[in-house]
Amino acid sequence: MSTFDDPFDADRALLRSGCICGRHPSAAEHEQDALQLRCEPVESREKRYEGVVASAVMRAMFPKDVARRALLKTLGAATALSAISQFFPLKLATEAFAEGGAPEKKDLKVGFIPITCATPIIMGAPLGFYAKHGLNVEVVKTAGWAVIRDKTINKEYDASHMLAPMPIAISLGLGAQAIPFAVPAIENINGQGITLSIKHKDRRNPADWKGMKFAIPFDYSMHNYLLRYYLAEHGLDPDTDVQLRSVPPPEMVANLRADNIDGFLAPDNVCQRAIYDGVGFMHILSKEIWDGHPCCSFAASREFITGSPNSFTALTRAILDATAYASKAENRKQIAEAIAPANYINAPVTVLEQVLTGTYADGLGGIKSDPKRVDFDPFPWQSFAVWMLTQMKRWGQIKGDVDYKSIAEQVYLATDTRKAMAEMGLVPPSSSYKSFSVMGKTFDPAKPDDYLNSFKIRKSS
């Protein structure tokens, strides 16, 4: 029986067997959906905590199913709850459990870049997820990644939307002063694409791209590493055979239109806007390079985390809540409308719907459908961080020996997130590391140097 099931349902088993949430016919199906946050979260924070307290009391009083079911069938759930409440103050216990520590700061600023990767962060404001967790959060639209970094370091933002490798880079002092940052949640998985200028519609073989100019959002980005990986796997050295330029995502379509670049690897709403405007086409989705790859993250400095731990916890819970909601296909159109306005992404709703629903025009006259084009799974796998570190070293951003495991575990807060997810009724993975495949090559997080040394094309040290 799940902690978040109804403990006063006489037809539910108390013991944990099969599917623990009661919504799947088998444990295997539950586990698959749980990893994608498909198990329906309960309606409100208060309901979650009622379930936690009531379940604990029922388990303690009736360790055997037969006694609990007999009581419930005789008295009914409402009468049983009333009777138990006379001996145990369920309401007071629930309130105490829910309150925990009050946020040190309720008025917070969170920066974001106007892209669909920031969906959980953005929608948390108009759809009420921050308010639900006792916070008054102003989400602040920001021009570029360097600005996001600097404003967060300078404490103008309490926390922010960041590219998944950025907190690692900041913590290591790459491109800025070394300041410890941490990632409690991944914002999105997949959700990027390589878009080419429409003039290159017959130039689909990457081996023919020598001399072309490509935009990426930032040097410390999955976009940079995935594009470099893709080019190298097709025999091109990304440092000598093409030009890579850092361009803020909101400026990419204009640069494509002006013929300043030949293409870009960018967030899907930027790709789709180029298609919508008739200046580009989708060459390949990023999930075709690595299905399930992380892109953006929710990040905060260690100083904020230790100085305002309750505020940080409430923020993290709000993001996890919003991510669970965004993970469900039936919510995507509502979300597209919520994040489309000018103070958020500033894009036509139809563009955002094509991204979030996965049914989209490809820019070459076709309509494609891929419901996993972008998805939302917040768990900060530490193996993601290890992979990013291998690519930072591969392309000369870091040199010398790298303590992959230590850095990954300091920056990616898998243990804390696992605990928060479990308390919220979301079932997190039991491990913090996993293997995965990138363009057919298996990555084993326990052997990062072997992986790194397997690449023929890399920056010479």
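**Salt bridges, cysteines and helix packing in the predicted model**

In the predicted model, Asp 268 counts as buried, because its relative accessibility is 0% and the cut-off for burial lies under 20%. The side chain of Asp 268 takes part in a salt bridge with that of Arg 373, with an N to O distance of 2.9 Å. Asp 268 belongs to helix α12 (residues 268-276), whereas Arg 373 sits in the loop between β13 (367-369) and β14 (374-375), so the salt bridge ties together parts of the chain that are 105 residues apart in sequence. Arg 373 is likewise buried, at a relative accessible area of 1%.

The confidence of the prediction varies along the chain. The average pLDDT of the protein chain is 87, and 81% of the residues reach a score of at least 70. In the stretch of residues 1-6 the pLDDT is below 50, and this stretch makes 30 contacts in the model beyond near neighbours in sequence. Residues 12-45 also have a pLDDT below 50, with 81 contacts in the model beyond near neighbours in sequence. Where pLDDT is low, predicted coordinates should not be read in detail.

The count of salt bridges comes to 18. One of them joins Asp 321 and Lys 132, whose closest N and O atoms are 3.1 Å apart. This pair connects distant parts of the chain, since Asp 321 is in helix α14 (residues 309-326) and Lys 132 in helix α7 (residues 129-132), a separation of 189 residues. The two partners differ in exposure: Asp 321 counts as buried, with a relative accessibility of 3%, while Lys 132 has 26% and counts as partly exposed. Another salt bridge is formed by Arg 149 and Asp 150, with 3.0 Å between the closest N and O atoms. In this pair Arg 149 counts as buried, at 12% relative accessibility, and Asp 150 counts as partly exposed, at 34%. Salt bridges also link Lys 199, Asp 259 and Asp 262 in a network.

Arg 149 appears again among the buried residues of helix α8 (residues 145-153), which are Trp 145, Ile 148, Arg 149, Thr 152 and Ile 153. Viewed down the axis of α8, these buried residues fall within an arc of 120 degrees, and therefore line one face of the helix. The elements against which the buried residues of α8 pack include the strands β1 (107-112), β3 (159-163), β4 (181-186) and β11 (296-301). The helices α9 (166-172) and α11 (249-257) are also among their packing partners. After α8 comes Lys 155, which has a positive phi, near 70 degrees.

Helix α15 (residues 332-339) was examined in the same way. Its residues Arg 332, Ile 335, Ala 336, Ala 338 and Ile 339 are buried. The arc they cover around the axis is only 165 degrees, so they lie on the same side of α15. Lys 333 and Glu 337, on the other side of α15, are exposed. The buried residues of α15 pack against three helices and a strand, namely α6 (119-123), α14, α16 (349-357) and β14. Helix α14 is also the helix that holds Asp 321, and β14 borders the loop in which Arg 373 lies.

No disulfides are present, the number in the structure being 0. A disulfide is a covalent bond between the sulfur atoms of two cysteines. For Cys 117, the closest cysteine sulfur is that of Cys 295, at 3.8 Å, which is too far for a bond because a disulfide requires the sulfur atoms to be within 2.5 Å. Cys 117 counts as buried, with 1% relative accessibility. For Cys 271, the closest cysteine sulfur is in Cys 117, and the distance of 9.5 Å is again too far for a bond. Cys 271 is buried as well, at a relative accessible area of 0%.

Gln 397 lies in a loop, between α17 (382-394) and α18 (404-411). Gln 397 nevertheless counts as buried, its relative accessibility being 19%. The side chain of Gln 397 is joined to that of Tyr 225 by a polar contact of 2.5 Å. When residues up to four places away in sequence are left aside, Gln 397 touches Leu 174, Asp 219, Tyr 220, Asn 224, Tyr 225 and Met 392.

Key
Residues are numbered from 1 along each chain as its sequence is written. This is a predicted model: local features need pLDDT of at least 70, side-chain atom pairs count only at pLDDT 80 or more; totals for chains, interfaces and linings use all residues. Side-chain values use heavy atoms; hydrogens and water are left out. Helices (H or I, at least four residues) and strands (E, at least two) are DSSP runs, numbered from the N terminus. Buried means under 20% relative accessible area, exposed over 50%, partly exposed in between (1.4 Å probe, protein chains only). A polar contact is a pair of N or O atoms within 3.5 Å; within protein, one must be able to donate a hydrogen and the other to accept it, and residues adjacent in sequence count only if both atoms are side-chain atoms. Contact means heavy atoms within 4.5 Å. pLDDT is the predictor's confidence in each residue, from 0 to 100. A salt bridge is a side-chain nitrogen of Lys or Arg within 4 Å of a carboxyl oxygen of Asp or Glu. The arc is that of the directions from the helix axis to the C-beta atoms.
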